[in-house]
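Student: I should be grateful for a close look at a single part of this structure. Please describe one strand and its pairing, and then place it alongside other parts of the chain.

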Amino acid sequence: MKVRFKSVVTMLGVAAALACASTASAQSKGQLTAKFGINQLTPKVESGDISAPALPGTKADVGRDTQPVLIFAYGLTDNISTELALGTPYKHRIYGAGAIAGTGELGTVQALPPTLFLQYRFFQPSAPFRPFVGVGATYAYFMKERGSFKMTAVTNPGSNVPTTFSIDNKFTYTLQAGVAMNFNERWFGDVTVNKARLRTNVSFSTGQTQAMKLDPVSVVLAVGYKF
């Protein structure tokens, strides 16, 4: 599912019109909010080479995925809040790149990146628009790594033993920017862009290794409720 810039602008415009008609408060001190939305997670990959006996320049690329996300926030003050983002696992396809570009799918992996943010929300709680920025602690957890026969051909040519692999889990940080818009006293919507710094390593059953810079960007569209 692709998030197009024009669609996001249109959504912001509609939300702005609704928000301007509202005088409700949002994300104030002591207030709990919950929101549900969709998150498109796109790794920005810089791949290292798979070590020998793979060909020099044997790299990898990682595809995007979109999943539902559930987010809870609590106002510590009128302008400072905490936010916890949870979701279902993202399934990413791994493709050949560099010297093996065009090889096709080498494998798949699922990832869970729960993140706890500390945010600063601009303007007063009664403002129709509340831009916000945040920084979060993320734990990138990888699971269900599965290689294809193409991965075996690349990592261990001529072998009949399928190559398996694992990706190191990592703690990292995520930067955040977004804007929340009130619809009425209880309902609001927001658009958020998150950027994580994520460097990890891949270990293959053949003894080979590969360094990966993933640095995923996520775009979240959500609707929320104020308790």
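Tutor: A residue is called buried when its relative accessible area is under 20%, and exposed when that value is over 50%. The model is predicted, and the strand chosen for the close look is β12, residues 187–196. By the cut-off just given, 7 of the 10 residues in β12 are buried, and the strand is mostly covered.

β12 pairs with β11 (residues 170–182) in the antiparallel sense, over 9 bridges. The connection between β11 and β12 is a hairpin of 4 residues. Within this pairing, Ala-177 has Val-193 of β12 as its bridge partner. β12 also pairs with β15 (residues 217–226), again antiparallel and over 9 bridges. Here Val-193 stands opposite Val-219 of β15. Val-193 is thus named in both pairings, with Ala-177 and with Val-219.

Elsewhere, an open sheet of 4 strands runs in the order β2-β14-β13-β10, with antiparallel pairing. Its edge strands are β2 (46–47) and β10 (165–167), each of which pairs on one side only. β10 meets β13 (residues 199–204) through 3 antiparallel bridges, and Ile-167 stands opposite Val-202 in β13.

A loop residue completes the account. Asn-79 lies between β4 (65–75) and β5 (80–87), and it counts as buried because its relative accessibility is 18%. The side chain of Asn-79 reaches the backbone oxygen of Phe-123 at 2.9 Å. Beyond its sequence neighbours up to four places away, Asn-79 touches residues including Gln-119, Tyr-120 and Arg-130.

Technical notes. Residues are numbered from 1 along each chain as its sequence is written. This is a predicted model: local features need pLDDT of at least 70, side-chain atom pairs count only at pLDDT 80 or more; totals for chains, interfaces and linings use all residues. Side-chain values use heavy atoms; hydrogens and water are left out. Two strands pair if DSSP finds at least two bridges between them. Helices (H or I, at least four residues) and strands (E, at least two) are DSSP runs, numbered from the N terminus. Buried means under 20% relative accessible area, exposed over 50%, partly exposed in between (1.4 Å probe, protein chains only). A polar contact is a pair of N or O atoms within 3.5 Å; within protein, one must be able to donate a hydrogen and the other to accept it, and residues adjacent in sequence count only if both atoms are side-chain atoms. Contact means heavy atoms within 4.5 Å.
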